[in-house]
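The following exercises concern ligand surroundings, sheet topology and helix packing. Each task is followed by a worked solution.

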Amino acid sequence: MAERATHTALGVAVIGTGRMGADHVRRIHEVISGARVVAVADVDAERAKAVAARVDGCTPYTDPAAAMAAADVDAVLIASPGPAHEATLLAAFEHDLPVLCEKPLTPDSASALRVLEAELRLGHRRAQVGFMRRYDPEYVKLKALLTTGQLGRPLMLHNRHRNVASPPSFTSSMLISDSVAHEADATRWLLGHEITAVTVLRPAPSAGAPGGLRDPQFVVFETDGGALSDVEIFVNCGFGYQVQAEVVCERGTARIGDGHALVTNMAGRWGGTIAQDFTERFETAYDQEIQAWVDATRRGEVTGPSVWDGYAAAAVCEAGVRALDDGGRVEIALERKPALYA
Ligand SMILES: NC(=O)c1ccc[n+]([C@@H]2O[C@H](COP(=O)([O-])OP(=O)(O)OC[C@H]3O[C@@H](n4cnc5c(N)ncnc54)[C@H](O)[C@@H]3O)[C@@H](O)[C@H]2O)c1
Ligand SMILES: O[C@H]1[C@H](O)[C@@H](O)[C@H](O)[C@@H](O)[C@H]1O
């Protein structure tokens, strides 16, 4: 596959054509280079048809397996809901197809381990997980600064993750498993530590939270490097989409996410605007992520967040959901890391 794809555009099947899937189809078709969408699959036939109609030569399917079996498919982008990811990943591995799987890899650590074992049986990495913050220019700068060691050892990481409003089906556990999943990965990646324990504190819910939703929550990760990483997750803040991170190190601090690219002074006031959702705040990150995946895939490589990263984040979130339910501190014991992910 890799040799063929090096000379021609990579043929991508996009599985799941909802909000993210349709946006990734647009991105591959209009924004990035080196790939074309040749198939889409969605259990909702009308949705698949409508998205396929926007791209010449794209065939709609309702069965992901049928889409992946099409002759012109070289790679798979999974954007169905988390519980559907395992089956699609395993089917893609059966065809030995490269995959970019939106986060979460899977919703729990047992299913993530089954995916990891299937990839180990292939004997080479095939899948990348869609932790797009690793491609966001601000996160990339922060990671580069930490890697120089100028600031000294990281002691604490403070994260804020705010959404304007949660979708109707959002549950209290999903604040952890769907949203804080990003900070589980960002903490591991920025600090280079594994997370060993998680505590979830629950302030009185906001009056703006839909009935019964425990929103906001305050999550504390402990790491094997002795650092603490805290996350304010507030998915019905009402005013904007904000993702901020501040690392406190022995000799200084560094902070991203203030969004002060444009500050205006007018009529006795100063200020700027706040993004309203993730597609706006992380637009560049998604573009860079998909371009990097296409480029690496055409070279026959897998370079992004790995199945191990997806498994570790799933284990952290699973512990977080238990900590939310019990109101206590839950320790995390990861499996041994296989050499494939060293
Ligand atoms: N990286 C990010 O910032 C980010 C942002 C939003 C969503 N996501 C992730 O992207 C994925 C999709 O989220 P979304 O917001 O687009 O959801 P969505 O509900 O808008 O779309 C999901 C689509 O998948 C379809 N579907 C359901 N089961 C399927 C199956 N078995 N096979 C094929 N299609 C199936 C649904 O009909 C729907 O059209 C999730 O994993 C989510 O966590 C990531
Ligand atoms: O699925 C979405 C997505 O991952 C966003 O990046 C995050 O901000 C939301 O909280 C989450 O619900």
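**Exercise 1. Determine which helix gives the largest share of the shell around ligand 2, and classify that shell.**

Solution. The model is a predicted one. Step one is to list the shell: Asn-163, Asp-178, Ser-179, His-182, Val-235 and Phe-278 are the residues around ligand 2. Step two is to assign them to elements: helix α8, residues 174-191, supplies the largest share, three residues. Step three is to sort by class, which gives two nonpolar, three polar and one charged residues.

**Exercise 2. Describe the shell around ligand 1: how many residues surround the ligand, and which helix gives the most?**

Solution. Ligand 1 is surrounded by 24 residues, and the closest are Gly-16, Gly-18, Met-20, Ala-84 and Glu-102. Helix α2 (residues 19-31) gives the most, with three residues. Divided by class, the shell of ligand 1 holds 10 nonpolar, seven polar and seven charged residues.

**Exercise 3. Establish the strand order of the seven-stranded sheet and identify its edge strands.**

Solution. The sheet is open, its order is β12-β11-β7-β10-β9-β8-β15, and its pairing is mixed. The edges are β12 (252-256) and β15, each of which pairs on one side only. Ignoring direction, neighbouring strands are turned by 15° against each other on average.

The pairings can then be followed from the β12 edge.

- Strand β11 (residues 242-249) runs antiparallel to β12 and is joined to it by five bridges; Val-248 has Thr-253 in β12 as its bridge partner.
- β7 and β10 are parallel, with seven bridges, and Leu-157 has Ser-229 in β10 as its bridge partner.
- β9 and β10 are antiparallel and share six bridges, with Phe-221 opposite Ser-229 in β10. These two strands form a hairpin with four residues between them, and Gly-226 in the turn has a positive phi of about 80°.
- Strand β8 (residues 195-201) and strand β9 (residues 217-223) are antiparallel, joined by six bridges.
- β8 and strand β15 (residues 329-331) are also antiparallel, joined by three bridges.

**Exercise 4. Find what stands opposite Thr-199 in β9 and what its bridge partner is in β15.**

Solution. Towards β9, Thr-199 faces Val-220. Towards β15, the bridge partner of Thr-199 is Arg-329.

**Exercise 5. State which strands helix α7 lies across and which strands helix α8 touches.**

Solution. Helix α7 (residues 137-148) lies across β7 (154-162), β11 and β12, and runs at about 165° to β12. Helix α8 also packs on the sheet, where it touches β7, β8, β9, β10 (228-234) and β11. The direction of α8 makes about 150° with that of β7.

**Exercise 6. Characterise the packing of α6 against α11: at what angle do the axes cross, and is the crossing left-handed or right-handed?**

Solution. Two packed helices are described by the angle between their axes and the distance between the axes. For helix α6 (residues 109-122) and helix α11 (residues 307-326), the axes come within 8 Å and cross at roughly 165°. Angles over 145 degrees count as roughly antiparallel, so α6 is roughly antiparallel to α11. The crossing of α6 and α11 is left-handed.

The final step concerns the contact residues. On the α6 side these are Ser-109, Ala-112, Leu-113, Val-115, Leu-116 and Glu-119. They meet Val-307, Trp-308, Gly-310, Tyr-311, Ala-314, Ala-315 and Glu-318 in α11. By class, the contact of α6 with α11 comprises nine nonpolar, two polar and two charged residues.

Technical notes
Residues numbered from 1 in each chain as written. Chains lettered and ligands numbered in written order. Predicted model: local features only at pLDDT ≥ 70, side-chain atom pairs only at ≥ 80, totals over all residues. Near = placed C-beta within 6 Å. Nonpolar A, V, L, I, M, F, W, Y, C, P; charged D, E, K, R; others polar. Pairing = 2+ DSSP bridges. Axes fitted to C-alpha atoms, helices over the stretch in contact; angles between N-to-C directions. Parallel < 35°, antiparallel > 145°, perpendicular 65-115°, else oblique. Left-handed = near helix turned anticlockwise from the far one by under 90°. Contact = placed C-beta atoms within 7 Å.
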